Every structure is written in structure tokens, then in C-alpha cells.
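Hi,

Here is the structure I promised to pass on to you. Please open it alongside this email, and then read on for my notes.

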Amino acid sequence: MAVDRFGRNINYLRISLTDKCNLRCVYCMPEDMAFQPNSDLLQDEELLTLFDLFVELGFRKFRLTGGEPTIRKNVVDLVGGMSRRAPDSEISMTTNGILLDRLAQPLREAGLARCNISVDTLVPERYEKITRWGSVDQLMAGIHATEAAGLLPIKLNSVVVRGFNDTDDAISLAALSLENEWHIRFIEMMPFGEVAGFQQAGVVPEEELRATIESELGPMDILNGGRLVGEARVYQLRQAKGTVGFISSVTAPFCAACTRARLTADGKLRLCLLQEAEVDLLTPLRAGATQTEMIELIRESIWGKPWGHGLAQNVIPLNRVMSQIGG
Ligand code: SAM
Ligand code: SF4
């Protein structure tokens, strides 16, 4: 078991499979984003070696992310390798969904449990504007393939950006929960690196968004007694098959209940998404550190996990953007 100095049991690892992406979402990375050379990134064997160490330390929830995890070569084999090594762990993925029409079934067969798919709008021109390069048809084909493959429940993540998708798009996305057993989750935009100014200006607080949705689709009932489900506060429209959730890391931080760590594609352990501190795992691994030494390094790093983010004090991480950390 790995605990931090505040007594939190850290057992959920988000693993970034790559810093690269087949889209360029405006809130995530600039269009001319520079990527790291592959030799600086964790190779398959290195990734699986580190995975084993986290399992040894009691981690049982793993989420593959990026960049875009589905563009990693061998992604299906990697999922297979992880699920064979940790059959009692849950391995899930956060993806833009563009490649799921052909990958959902093989990923399911390899042992993936479920997918969170990012969908910021259903209007083709706006989707192209937000993602710069994406196609809604491809995305929808991916969502349906994911459902058909049984990667359930389907969670659809929408980052809300004021002026882009905070009104009719949010309403159309919430309305998807009426007919589908899909769980739509609206995520407050978080500030990173050079694009922090744009991101801070574009945050739409949960309350405002909820009011917008309810004004069009009617009242939503709060579920789970208002307690968070994972990181989301979850509501349901009357007669809906799915739910509508709000992940409000900026206006209502959930740091006290955080059980996460992140492994970046270049092998750094990051204990808080919104704090710059990282511990390099790749260099000692390549230098031949023993399993015991690596486990001790990870255990100590987890002990030092920051309490939480400092957005309220205007502490903004500048060393990386979201795609380089693993959202
Ligand atoms: N490419 C995959 C995807 O888009 O789902 C996985 C990586 S992406 C960085 C993970 C999640 O982070 C996505 O849901 C994305 O919308 C979200 N995200 C990206 N930039 C963000 C920001 N500045 N604030 C909040 N969420 C952000
Ligand atoms: Fe790519 Fe995901 Fe970032 Fe969009 S949010 S640019 S899909 S990594």
C-alpha cells in the first residue's frame, strides 16, 4: 500500500502512453505543438516494468491516457500485457474516440474495462473548430463501436469553454443522456502553461452550466446524496437513461479525496496534475536501479504528494500542458 503524509491511500495511476495526438484541441495544445522524440519516452518493456511496481505497491486502478492513447503503437498489446499482469485491476482509457471504431473491440478483448470519450460538441463545424482537425462522424462511430464492444458504462467528457460550447452544445450533450445510457460529464477548464490565460478566461462554473441545461431540459435530480461519484457531482434529468455530471476541479476542488498519481509518457511521476513537481523514474530505471530501489523511490515520492492545487492562490503549472501530463 502507498500512502501520502496526509493519510491518503494512493492507488489510482493515470498512465500517459504518448504525448502525441491526432487532434489539437484549443484548450489543450497549440496547433504547432512540439513533441518529444520517441527515445525520450517510456518504451513498452519499461512501461510494463513500472506498471508491475505500481501493482506491487497496491495500485488497482489504471487509466491510460495521453496525448491520445489509441495512437500508441501496440496499444492493444500493452493493454493485454497489463491485464495479464494485474487481472484484479481495472484498466480503463480516456480517449478522443476517433480511432475507437476499429480499436474498441480489440481493446475489449485485450482486457480494457471501459472508456471515457471526449466530446465537446455535436455540431460538425464546431467540433472541427475546437479540435482543429476532428470529425464528428468518426467520433460518433467510435462511441457506438465502444458501446457495441461492451466497454461500459460509456462516459462522455466535455470540457466547457465559454463562448465555444457553453450554451446550446452543453444542452445537446446533456440531452444525449435522455435516450442513451451514457454519462455526460462537464469538466471545468484548467489552466496550464502558455495557454493559461485563455483557459482561465474561459472557465464556466458548474452552477451556471447547470442552470443553462435546466432552463431547456427541465430539472435535474441530484444523485448519491450530493456526494461525489469519483470526481463528479452527478445529476439526472427526469426520465433519463443516463446521467449528467460536473467535474469542478477549479471552483470546487476535491483534493482531500484524491487517490491519484500520474505517470507521464517520458517516465516522470507527477503527484498532482496542477503542481509542477515531478520525480524522474525513467533515468534510474535505465541506469539499472533494482526493483527494491525503484519501489522505495516511488513510495517516498508518493509520501511527498502535495496536499492539493493552488489555483485559488494563482499557482499555475507552467512546465507542461495537459497532453504532456496525461489528463
Ligand atoms: N486525448 C484524450 C482525450 O482527449 O480524451 C486523452 C488525453 S486528454 C489531455 C484528457 C482529458 O483532458 C480530455 O477529456 C480533455 O478534454 C481534457 N482536457 C484537456 N485540456 C484540458 C484543460 N485545460 N482543462 C480541463 N480538461 C482538459
Ligand atoms: Fe488531443 Fe485529447 Fe488534447 Fe484534444 S484533449 S488535443 S484529443 S490530447
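Below is what turned up, starting with the pockets and ending with the backbone. Please keep in mind that this is a predicted model.

**Pockets**

The largest pocket holds about 430 Å³ of space. Its lining is made up of 24 residues, and if you want to find the centre, look for Lys155, Arg185, Val229, Gly230 and Glu231, which lie nearest to it. Several strands feed into that lining: S1 (12–16), S2 (61–65), S4 (114–118), S6 (182–188) and S9 (243–247) each supply at least two residues. As for chemistry, the lining of the largest pocket splits into 10 nonpolar, six polar and eight charged residues.

The second largest pocket comes in at about 250 Å³. You can pick out its lining by selecting Leu17, Thr18, Lys20, Asn38, Leu41, Leu42, Gln43, Asp44, Ile71, Arg72, Lys73 and Asn74. That lining is an even mix, with four nonpolar, four polar and four charged residues.

**Cysteines**

How many disulfides are there? The count comes to zero. Take cysteine 272: its closest cysteine sulfur belongs to cysteine 255 and sits 6.1 Å away, too far for a bond, because a disulfide needs the two sulfurs within 2.5 Å. Is cysteine 272 buried or exposed? Its relative accessible area is 12%, so cysteine 272 counts as buried. Cysteine 28 is buried too, with a value of 14%.

**Threonine 243**

This one is worth a click. Threonine 243 is part of strand S9, one of the strands that supply residues to the lining of the largest pocket. With a relative accessible area of 10%, threonine 243 falls under the 20% cut-off and is therefore buried. Its side chain makes a polar contact with the side chain of histidine 183, at 2.6 Å. Leaving aside residues up to four places away in sequence, threonine 243 touches Ser177, Trp182, His183, Ile184, Leu223, Val234, Tyr235 and Gln236.

**Glutamate 45**

Glutamate 45 is in helix H1, which covers residues 44–56. Its relative accessibility is 56%, which is over 50%, so glutamate 45 counts as exposed. Where does it lie relative to methionine 322? The two are 277 residues apart in sequence, and their C-alpha atoms are 25 Å apart in space.

**Backbone details**

Three spots are worth looking at here.

- The peptide bond between leucine 152 and proline 153 is cis, with omega at about -5°. Proline 153 is in the loop that runs between helix H5 (136–149) and strand S5 (154–160).
- Asparagine 74 has a positive phi, near 70°, in a residue other than glycine. You will find asparagine 74 in the loop between S2 and helix H2 (75–85), and it is also listed in the lining of the second largest pocket. Its relative accessibility is 36%, so asparagine 74 counts as partly exposed.
- Asparagine 224 is not a glycine either, yet its phi is positive at about 60°. Asparagine 224 is placed in the loop between strand S7 (220–222) and strand S8 (233–237). It is partly exposed, with a relative accessible area of 36%.

That's everything from my side. Shout if anything is unclear.

Cheers

Technical notes. Residues numbered from 1 in each chain as written. Chains lettered and ligands numbered in written order. Predicted model: local features only at pLDDT ≥ 70, side-chain atom pairs only at ≥ 80, totals over all residues. Heavy atoms only, no water. 1 Å grid on protein atoms, 1.4 Å probe; cavity = no way out; pocket = protein on both sides within 12 Å on 5 of 7 lines; lining within 4 Å. Points joined across faces, edges and corners; volume = space filled by probe spheres on them. Helix = DSSP H or I, 4+ residues; strand = E, 2+ residues; numbered from the N terminus. Nonpolar A, V, L, I, M, F, W, Y, C, P; charged D, E, K, R; others polar. Buried < 20%, exposed > 50% of the residue type's maximum accessible area, 1.4 Å probe, protein only. Polar contact = N/O pair within 3.5 Å; in protein donor to acceptor, adjacent residues only side chain to side chain. Contact = heavy atoms within 4.5 Å.
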